[in-house]
Amino acid sequence: MTGVRVAGVGLTHFGSHPDRTGRDLFAEAALNAREDAGVPLDDIEQLNVGNFAGSLLEEQGHMAPLLAEAAGLDCPATRYEEACASAGVAVREAVRTVRSGEADVVLAGGMERMTNNDTPETTEALAIAADELFEIRAGVTFPGAYALMATAYADAFDVDEDELKTDLANVASKNHDNAIPNEYAQYQREISVQQALDAPPVAEPLGLFDCCPVTDGASAIVLVSEEYAAEHDLSAEVAVVGTGQGTDRMALQDREYLARTPAADDAAAMAYEEAGIDATDVDLAEVHDCFTIAEVLAIESLGLYEPGEGLGAARRGETRADGKRPVNLSGGLKAKGHPVGATGGSQIAEMTRLLRGDHPNSDHVADAEVGVTHNAGGTVASAVVHVLEVAE
Amino acid sequence: MSDAGFDEWLHAFAAEDGYYLECANGHGLLPPRRICPDCGSTEFSEESLPESGTVAAVTTVHVPAPSFDADAPYDTVVADFGAIRLTGVVDAEPGTVEIGDDVEPAVGASETTGNDVLMLRPV
């Protein structure tokens, strides 16, 4: 089994680009990743690309050959769909392919075009990540599903509504602060805790600023074997040393816990074991904060906090940029944006930049060696966790 | 077009004859099922659902999907019925149901589409 290095990363700006096609977005990310890696086009042996709802939002199925063509590739190409964890799974399978020795160079990433639709259409398209019979027909939206998890969390850990809302508003405010210097972020502006608290309700107790935006964007990373990196003298100092995936029941009602995400626990355990680390080794994390409560559940599943103790982490400053273990220095899904099928790849790209030292927020983690990414699908019926390390 | 297994299960609530499935090893499930996801059992019996359950999570939805546009704002809850939980729209003024309240299942209709909806009514 060979080691896997991140040779290069590429992103588009995350934001509102309704006139840009999905193929154009992905081509830009792929080109950026290839230029960053310094890998010739012909050396790329496989494309793994995440896309969730292109068949609804762009009326485009069979996305893999289209995006391979757009990226200038002539190689086996596969689209992965695992809702908002689509790109995370695409990256995970690319890591496994390189590790196995089947390929030395794989391009992985994802794309989603969303703002070309009206918000209600987009809401309906995203809702298909929930259980159609038992949730969608019962009026459950995605903000609604996470709101249900938030109220169950507050009940399980005896948190009153004001404390819950204030702590969640601190998560939103933190992630907006982190996005300010990030040139790829959708919202490079601060919001105060009070602004978040005063925002109109979407699905109580969650308000508008507890929710990630609708975003167009693409991500791409070039993964190579250690041997390829050495032979070609690549500057690929970040290694993917652990990958894990977990699955839970589709509908919230069928889960053992309403206020925990065991699929992410399982993914983290698998990734940590591969990496030979435990949670105390993690210096920073990029987690799937599609809603503010999701960040809380994520940091608990990653073992960074015990269940019930993650809620106040942002308020206490522990997960802020200058805290002991920063979370979502990219701005997270909340402020960097969430082009759903691209997000898992974007997290790997941002973590790589943070660890390499060329991210605008790298100075906050100058001595960091171990970063973890957490990408979730639906209400975490799917989860993918990766461990990245600065290689020796 | 029907959804075999699910439709019969939903409509049983209209006759106040709600049920769930129990596998040979006692795991509670909702239909349609061929395989128990807990133990792999393929044998199921229909068991009567308790008349009421307890709200375990609640939200008031202000921004609905288009298929519930005219229904909003409305409350959705997950309620615990012992062997299984149910998710439904609350048949009451939004914001009036709390965790721990008792609710009973019924079949209602979406104000937007007229489609059948599992309703949970405060007892």
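**A guided reading of chains A and B**

Chain A has a mean pLDDT of 97, and 100% of its residues reach 70 or more. This confidence score accompanies the structure because the model is predicted. Among the elements of chain A, the highest mean pLDDT, 99, belongs to strand β9 (residues 284-286) of chain A. The lowest, 88, belongs to helix α5 (residues 119-127) of chain A.

With this in mind, the reader may turn to the annotated parts of chain A. According to an unreviewed UniProt entry, residues 12-227 of chain A carry the annotation "domain: Thiolase N-terminal". This span is 44% helix and 15% strand, and its end C-alpha atoms lie 29 Å apart. The annotation "domain: Thiolase C-terminal", likewise taken from an unreviewed UniProt entry, covers residues 244-389 of chain A. Over residues 244-389 of chain A, helix makes up 29% and strand 16%, while the end C-alpha atoms are 15 Å apart.

Chain B offers an example of a sheet. Strands of a sheet pair through backbone hydrogen bonds, and the pairing may be either parallel or antiparallel. In chain B, three strands form an open sheet in the order β2-β1-β3, with antiparallel pairing. The edge strands are β2 (28-29) and β3 (44-48) of chain B, each of which pairs on one side only. Strand β1 (residues 19-23) of chain B pairs with β3(B) in the antiparallel sense over five bridges. Within this sheet, B:Cys23 has B:Phe44 in β3(B) as its bridge partner.

The two chains also touch one another. Which residues and elements take part in this contact? Chain A contributes 28 residues, and chain B contributes 28 residues. On the side of chain A that touches chain B, the elements giving two or more residues are α5, α6 (142-156) and β5 (201-204) of chain A. Of these, α6(A) gives the most, with seven residues. The residues on this side of chain A divide into 16 nonpolar, six polar and six charged. Helix α5 of chain A thus appears here again, having the lowest mean pLDDT among the elements of its chain.

Finally, strand pairing is found between the chains as well as within chain B. Strand β5(A) is joined by two bridges to strand β4 (residues 53-61) of chain B, and these strands run antiparallel. In this region, A:Glu204 stands opposite B:Thr60 in β4(B). Strand β5 of chain A therefore both gives two or more residues to the side that touches chain B and pairs with a strand of chain B, since two bridges are enough to count as pairing.

Terms used. Residues are numbered from 1 along each chain as its sequence is written. Chains are lettered from A and ligands numbered from 1 in the order in which they are written. This is a predicted model: local features need pLDDT of at least 70, side-chain atom pairs count only at pLDDT 80 or more; totals for chains, interfaces and linings use all residues. UniProt positions are given in the numbering used here, feature names are shortened, and annotations may be inferred rather than shown by experiment. Helices (H or I, at least four residues) and strands (E, at least two) are DSSP runs, numbered from the N terminus. pLDDT is the predictor's confidence in each residue, from 0 to 100. Two residues are in contact if their C-beta atoms, placed from the backbone, lie within 7 Å. Ala, Val, Leu, Ile, Met, Phe, Trp, Tyr, Cys and Pro count as nonpolar, Asp, Glu, Lys and Arg as charged, and the others, Gly among them, as polar.
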